Amino acid sequence: MAENQSVLTSTDNEIQFYDFHPKMSDFYSEVVEGLKTEPKKIPPKFFYDETGSRLFEQICQLPEYYPTRTEQQILEDNASSIAQIIGDHHYVIEPGCGSCEKIKLLLDTLKPEAYVPMDISKEFLQESAQAVSDEFPWLDVHAACVDFTEPMELPFCPDEARKLAFFPGSSIGNFEPSLAQKFMQHVLNLVGPGGGILIGVDLKKDEQILNDAYNDNAGVTADFNLNLLARINSELDANFELEHFDHHAFYNADVGRIEMHLVSQKPQQIKIGEHLISFESGETIHTESSYKYTIKEFQSLGHKAGFNPIKVWTDQDDRFSVHYFEVPQA
Ligand SMILES: C[S@@+](CC[C@H](N)C(=O)[O-])C[C@H]1O[C@@H](n2cnc3c(N)ncnc32)[C@H](O)[C@@H]1O
């Protein structure tokens, strides 16, 4: 356990909370390192302070943002078939659970013994995990504030328990494909032989639909992107002027990904703690990628990570897919 890690147990609200939140010094060093790289970039995990998590929930409600409602419909329509194929998994682990709304669609049919929501956004996780526990009082909830790009451990999870990882929201698309495969391998080690992963993956489709989804008319995605700079200002002693940066998102067909950037409107210099960072006019910070896959491409990625592809569910327009993979028995 690292120095900043602690285990908090609450008995009155009946959830256990494990705080492995990354240290502020890690946030500072990763941001500075990313802004000194050419081209400039900041990892998308830093979008999610409490404001970022709430803005993401607003994005999920936007008419242009099809992934959330499409995936929810797939889960709702196929809850029984999903539970039947997965069988009895006693522990459901959800890295990057956000609001935990999607697992709620499956809990009555999956009937796990315990649910382990994990997220980097601490206050939002506490609220979401508590809401699951209130709605499903029979369920044992162990919430863990973690960075899932770092090695994860489940100290409270018995080795012999059968484990299912649930990873919806196409969060896998935020990894470069080679790192997505590594992440899948990491999940494989976490759930072990006989375990599985139920994972939501956004599909390749008409570019207009993709571009609209990340450029909504109400400007919520722009606010979400710019909130990263506001967070850096308030937590890392920086002086970004948000009005001098623009949100820019587009589908890059050559590599099959949406790219999200913040574009400097003019030459400017920014201070972050001890560091000065220069921007040319038009220079960007790459803040997120969201890779899109075909079903075959993703099955192949899961297979290369060591999983057996078992079943895929999609919507009628083939916009989104939910895959179930299993770890071969030892
Ligand atoms: C795109 S949202 C998806 C939320 C939810 N799973 C869904 O499907 O609606 C990504 C979620 O993962 C969390 N997250 C992003 N990067 C993370 C990281 N490195 N470690 C832990 N959580 C992370 C965010 O806080 C956010 O709740």
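**Close-up views of a predicted model**

**View 1. Helix α1 meets helix α10.** In this predicted model, the axes of helix α1 (residues 24-36) and helix α10 (residues 220-236) approach within 11 Å and cross at roughly 125°. Because angles of this kind, neither 65 to 115 nor over 145 degrees, count as oblique, α1 is oblique to α10. The crossing of α1 past α10 is left-handed. Look for Met24, Phe27, Tyr28 and Val31 on the α1 side, which touch Ile232, Glu235 and Leu236 of α10. Sorted by class, the residues of this α1 and α10 contact are 6 nonpolar and 1 charged, with no polar ones.

**View 2. Two domains and the contact they share.** Here the protein chain is shown divided into domain 1, built from 6-24 + 54-206 + 293-326, and domain 2, spanning 211-291. Taken over C-alpha atoms, the centres of domain 1 and domain 2 are 27 Å apart. Domain 1 brings 16 residues to the contact, and domain 2 brings 15 residues. On the side of domain 1 that touches domain 2, helix α2 (residues 50-60) gives the most, with 4 residues. That side of domain 1 has 9 nonpolar, 4 polar and 3 charged residues.

**View 3. Around the ligand.** In this view, the ligand is surrounded by 19 residues. Good ones to find are the closest: Lys45, Tyr48, Gly96, Gly98 and Gly169. The shell around the ligand is made up by class of 8 polar, 7 nonpolar and 4 charged residues.

Note on methods:
Residues numbered from 1 in each chain as written. Predicted model: local features only at pLDDT ≥ 70, side-chain atom pairs only at ≥ 80, totals over all residues. Domains from an automatic or database assignment. Contact = placed C-beta atoms within 7 Å. Helix = DSSP H or I, 4+ residues; strand = E, 2+ residues; numbered from the N terminus. Nonpolar A, V, L, I, M, F, W, Y, C, P; charged D, E, K, R; others polar. Near = placed C-beta within 6 Å. Axes fitted to C-alpha atoms, helices over the stretch in contact; angles between N-to-C directions. Parallel < 35°, antiparallel > 145°, perpendicular 65-115°, else oblique. Left-handed = near helix turned anticlockwise from the far one by under 90°.
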